[in-house]
Amino acid sequence: MTKSSGNQLLLYDGVCGFCNQSIRTILSHDKQGTLKFAPLQSELGKKILARHHLENIDSLIFVENYESAERLYVRSSGALKVANYLGGWWKFFLIFYIIPRPIRDFFYDLFARYRYRLFGKYDHCLLPAPEVRARFLDMA
């Protein structure tokens with residue numbers, strides 16, 4: 001697996017406690033500093049979902065080549081793209097590619113179903129820290 005070229009964007013659930021903590025973790029391990037972020041609830045998130053005819057998505061979405069020849073990776077595939085992007089020891093998680101996507105996605109969806117109960121839910125999207133705010137597009 002090689003790092004992809006072009007603009008990369010991660011759409012995430014902006015009101016999910018687990019998702020927000022995951023974004024903070026990604027930011028703290030992102031050596032490249034090029035990945036952009038936007039909540040699914042934002043206008044940008046909604047436009048990308050509509051552009052790709054996706055409805056009722058309850059997943060993070062890794063967007064390669066944002067604003068050009070976009071390619072979307074949803075659920076477990078999106079999470080694995082993040083691991084690949086981060087590199088280093090995070091690439092260990094790429095071993096999960098050997099598990100067929102429907103099985104990976106089953107467990108992803110199972111976790112997603114209970115994440116609010118386990119990690120909480122915010123009333124609105126949280127604002128990022130000032131030093132990384134430029135990497136967040138179209139905050140809802």
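Here is a chat about how some labels in this predicted model are earned.

Colleague: Let's start with helix H4. How do you know that its length agrees with what a helix should span?

Modeller: H4 covers residues 101-119, which is 19 residues. At 1.5 Å a residue they should span 27 Å, and the end C-alpha atoms are 25 Å apart, so the two values agree. There is also a kink of about 40 degrees in H4, centred on Arg113.

Colleague: Which residues of H4 are buried, and what do they pack against?

Modeller: The buried ones are Arg104, Asp105, Tyr108, Ala112 and Arg115. They pack against helix H1 (17-29), strand S4 (71-74) and helix H3 (76-86).

Colleague: An arginine on that list! Why is Arg115 called buried?

Modeller: Buried means under 20% relative accessible area. Arg115 has 4% relative accessibility, so it counts as buried.

Colleague: And what does Arg115 touch in there?

Modeller: Leaving out residues up to four places away in sequence, Arg115 touches Asp13, Cys16, Cys19, Asp58 and Gly120. Its side chain also reaches the backbone oxygen of Ala112 at 2.9 Å.

Colleague: Gly120 comes just after H4, right? What is its phi?

Modeller: Yes, Gly120 follows H4 directly, and its phi is positive, about 90 degrees.

Colleague: Then there's Lys121, in the segment after H4. What makes Lys121 exposed?

Modeller: The cut-off for exposed is over 50%. Lys121 has 54% relative accessibility, so exposed is the right word. Beyond its neighbours within four places in sequence, Lys121 is in contact with Val15 and Tyr116. And here's a nice one: Lys121 and Phe18 are 103 residues apart in sequence, but their C-alpha atoms are 8.6 Å apart in space.

Colleague: Let's move to Glu64, in strand S3 (residues 61-64). Is Glu64 buried or exposed, and how do you know?

Modeller: Glu64 has a relative accessible area of 8%. Buried means under 20%, so Glu64 is buried.

Colleague: Which side chain does Glu64 make a polar contact with, and what makes it one?

Modeller: The partner is the side chain of Tyr73, at 3.3 Å. The limit for a polar contact is 3.5 Å, so that distance fits.

Colleague: Now for Glu67, in the loop between S3 and S4. What stands out in its phi?

Modeller: Glu67 has a positive phi of about 75 degrees although it isn't a glycine. Most residues other than glycine have a negative phi. Arg75, in the loop between S4 and H3, also has a positive phi without being a glycine, near 60 degrees.

Colleague: Why is Glu67 called exposed, and why is Arg75 called partly exposed?

Modeller: Glu67 has a relative accessible area of 61%, and exposed means over 50%, so Glu67 qualifies. Arg75 has 30%, which lies between 20% and 50%, so Arg75 is partly exposed.

Colleague: On to the rings. How many aromatic pairs are found in the whole structure?

Modeller: The search finds nine aromatic pairs.

Colleague: Why is the pair of Trp90 and Phe93 called tilted?

Modeller: Their ring centres are 6.1 Å apart, within the 6.5 Å limit, so they pair. Their planes are at 35 degrees, which is neither under 30 nor over 60, so the pair is tilted.

Colleague: And what makes Phe93 and Phe96 stacked?

Modeller: Their planes are 20 degrees apart, with 6.5 Å centre to centre. Stacked means under 30 degrees, so the word fits.

Colleague: Which residues make up the aromatic cluster?

Modeller: Trp89, Trp90, Phe92, Phe93 and Phe96 form one cluster. Trp90 is buried at 17%, while Phe93 is partly exposed at 30% and Phe96 is partly exposed at 37%.

Colleague: Last topic: which residues have the most contacts inside the largest nonpolar core?

Modeller: That core has 20 residues, and the ones with the most contacts are Leu10, Ile23, Ile26, Leu35, Phe37, Phe62 and Phe136. Strand S1 (8-12), H1 and H3 each supply at least two residues, and H3 gives the most, with five. Another core, of twelve residues, lies apart from it and includes Leu49, Ile57, Ile61 and Val63.

Key: Residues numbered from 1 in each chain as written. Predicted model: local features only at pLDDT ≥ 70, side-chain atom pairs only at ≥ 80, totals over all residues. Heavy atoms only, no water. Helix = DSSP H or I, 4+ residues; strand = E, 2+ residues; numbered from the N terminus. Expected span 1.5 Å × (residues − 1). Bend = angle between axes of the 7 residues up to and from the residue. Buried < 20%, exposed > 50% of the residue type's maximum accessible area, 1.4 Å probe, protein only. Contact = heavy atoms within 4.5 Å. Polar contact = N/O pair within 3.5 Å; in protein donor to acceptor, adjacent residues only side chain to side chain. Core = buried A, V, L, I, M, F, W, Y, C linked by side-chain atoms within 4.5 Å. Phe/Tyr/Trp six-rings, centres within 6.5 Å; stacked < 30°, edge-to-face > 60°.
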